[in-house]
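Subject: Structure handover

Hi there,

As promised, here is the structure for you to open in your viewer. My notes on what turned up come right after it.

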Amino acid sequence: MDRGKSKFLGMRNNKMYMDLSEIIREHALPFLPAKSLFRFLSVCRDWKLQISTPFFAHNQSICCGSTLGFFSQAPGEPPSIVSDDPRACGVPDPFLRFLPEPVDIRSASNGLLCCQSQTGNKAYYICNPVTKQWKRLPKPNANHGLHPAVVLIFEPSRLNFEADYKLVCAFPSADFDDATEFEIYSSKEGSWKVSGEIRFTAYSVDPKSGVHVNGVVYWKSRGLLAYDLSKDRSQLLQSYQSGNWVLGSMNGKLCSAYASGRSIIVQVLANVHTNTMQMSSHARMWEEKQRVTLDKEVVGGVASDPVVVVANGNKLLVQMAKKLYVYNLLTKETKALGMPPSTGGDTRYIPYVNSLVCL
């Protein structure tokens, strides 16, 4: 091969490498979870500079929205994290010791955690466990109780370079019997505001059940208590479900999941107007989407008495025979996570997105 042709091929291969490297850097890296990105800091100088910029962190918080882990916490114990992909998802300090005091995790949303101090005035904290950034929120105007029904709402947007989040709490009214009120914290305003909306109901909400979907927060109650942030209106939906069922978010819709014998049934909210329909109507509030069974080769036999503890995105976190399993609704794959971090009967699991979002 003559020297001219060899030089031409060398230049061509070098250009192809540069194009591929740029494609990966610009169009692949932002979709990776934070733990994977930290490993790639040592690949080359360009990648390190790219990953370390605030703009990249903002872009990654928008692109990487998959649930890869679950924070776990039992009452009185420090939190920990479990994941079906521990090489990709993790935080430097899962015990959250970077916060100024011990906390309980109350809610999570797209990489941010809402925590509450275990002692003193029960202060709320918003933090990113990846970057260890945190903010202490001002004291609420209302008494949220010992177990506040708070839901953190953070939707990353290309238009908002700074994290814009809200915290919504449903609390028992101090002025009216058998009534629930709502208080909202806005990061834009930096303050709490008690809504004028009051929902009269004799049934309290399950404080650990809150889920946010498309601007509406739902809690388990006698049925479902729904609060629409934009309309500042609430609604009580009759949901005839019993047993151990959980609420979650799936493809932009509210979902519920529960075990029925050896199977797990996943439903999505199909009709919120069933309360006002005629009795002869055949419209149903929930629509069954999937009926799944854990892989018997993974669980070591036929699934027996599974309990769904989390339903989020395309994943189900299931506890069975004192072990944890993750079922992927897309791939139909069952993964064993082993023994739970805590053996406490009231252990809570919160879905988590491994994000670089800046506070």
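Below are my notes on a run of strands and on two loop residues.

One thing to keep in mind first: this is a predicted model.

Let me start with β12 (216–220). Five of the five residues in this strand are buried, so β12 is largely enclosed by the rest of the structure. Val216, Tyr218 and Lys220 point one way from the strand, while Val217 and Trp219 point the other way. That pattern fits a general rule: in a regular strand, side chains alternate between the two faces of the sheet. Note that Lys220 is among the buried residues here.

Now for the neighbours. β11 and β12 run antiparallel and are joined by three bridges. β12 also pairs with β13 (residues 224–228), again in the antiparallel sense, over five bridges. Val217 is a handy residue to follow across these strands: His212 has Val217 as its bridge partner in β12, and Val217 in turn has Tyr227 as its bridge partner in β13.

The connections are hairpins. Two residues sit between the strands in the hairpin of β11 and β12, and three residues join β12 to β13. Asn214 lies in the loop between β11 and β12 and takes a positive phi near 50°. With a relative accessible area of 63%, Asn214 counts as exposed, because the cut-off is over 50%.

Finally, which other residue has a phi near 50° without being a glycine? That is Asp178, found in the loop between β8 (165–172) and β9 (179–186).

Happy exploring, and best wishes!

Technical notes:
Residues are numbered from 1 along each chain as its sequence is written. This is a predicted model: local features need pLDDT of at least 70, side-chain atom pairs count only at pLDDT 80 or more; totals for chains, interfaces and linings use all residues. Side-chain values use heavy atoms; hydrogens and water are left out. Helices (H or I, at least four residues) and strands (E, at least two) are DSSP runs, numbered from the N terminus. Buried means under 20% relative accessible area, exposed over 50%, partly exposed in between (1.4 Å probe, protein chains only). Two strands pair if DSSP finds at least two bridges between them.
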